[in-house]
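Grab your viewer and work through these exercises. Each one comes with a solution you can check as you go.

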Amino acid sequence: MRAKTVTSSTTSTSSSIWVRVLIPCALIWVAGCTTNAGNSLNPRNLAQSAVADTHLGWKQAPEHQLNYSLATSSGIARMEMRELPADLQAVTIELPGMRSVEGVQWRTAAGQHAMLFDGAEGADGVTLERQQRGYRLQLQGAALESMRSGGFLTVIDYYRN
């Protein structure tokens, strides 16, 4: 019976793998964490889907802005917004599945309601524009100020299931 021994060449090969592969990967991971830490607005921490059939995603946005994508299978999409930072200037929400938006409503955490879009026109600071697929809703100025303390945004499509 022969005993297996580990030679120094095997040990040096495995240690060189650490130096060549794993340490650079660790440095890249750390660098990625530090670059993301510079962005104070994390969309994940500021909004979430409020109903089961609403899917909420987010996209890259300019500094001091948020860009979400909101899709639903029922035609009524709802998202919960937490308290928004004071330096936030605009929130854009892509609505890819909507065919004919009939209303956009806001309800504060305290229970106050506001109609941001009534099917014909929007409130001050609300822009709803038709896209190739769906709509783009942008909230800024007075509309964004009314949302700053957090609450629920509901978008209703005329063609709901």
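**Exercise 1.** Work out in which order the five strands of the open sheet line up, and which strands are its edges.

*Solution.* Start with the order in this predicted model: the five strands run E1-E4-E10-E6-E7, with antiparallel pairing. Next, look for strands that pair on one side only: these are strand E1 (47-49) and strand E7 (113-117), the edges. Finally, check the twist: on average, neighbouring strands here are turned by 25° against each other, ignoring direction.

**Exercise 2.** Find how many bridges join strand E6 to strand E10, and name the partner of Trp106.

*Solution.* Take residues 101-108 for E6 and residues 151-157 for E10; seven bridges link these antiparallel strands. Then pick out Trp106, whose bridge partner in E10 is Leu153.

**Exercise 3.** Locate His64, then decide what its phi looks like and whether the residue is buried or partly exposed.

*Solution.* First, place His64: it sits in the loop between strand E2 (54-59) and strand E3 (65-72). Second, read off phi, which is near 65° and thus positive in a non-glycine residue. Most residues other than glycine have a negative phi. Third, check exposure: the relative accessible area of His64 is 24%, and because buried means under 20%, His64 counts as partly exposed.

**Exercise 4.** Which elements have the lowest and the highest mean pLDDT?

*Solution.* Begin with the whole protein: the average pLDDT is 80, and 74% of the residues score at least 70. Then go by element: helix H1 (residues 8-37) is lowest with a mean of 44, while strand E9 (residues 135-140) is highest at 96. Zoom in on residues 21-39: pLDDT is below 50 there, and the stretch has three contacts in the model beyond near neighbours in sequence.

Methods. Residues are numbered from 1 along each chain as its sequence is written. This is a predicted model: local features need pLDDT of at least 70, side-chain atom pairs count only at pLDDT 80 or more; totals for chains, interfaces and linings use all residues. Side-chain values use heavy atoms; hydrogens and water are left out. Helices (H or I, at least four residues) and strands (E, at least two) are DSSP runs, numbered from the N terminus. Buried means under 20% relative accessible area, exposed over 50%, partly exposed in between (1.4 Å probe, protein chains only). Two strands pair if DSSP finds at least two bridges between them. Axes are lines fitted to C-alpha atoms, for helices over the stretch in contact, and angles run from 0 to 180 degrees between N-to-C directions. pLDDT is the predictor's confidence in each residue, from 0 to 100. Contact means heavy atoms within 4.5 Å.
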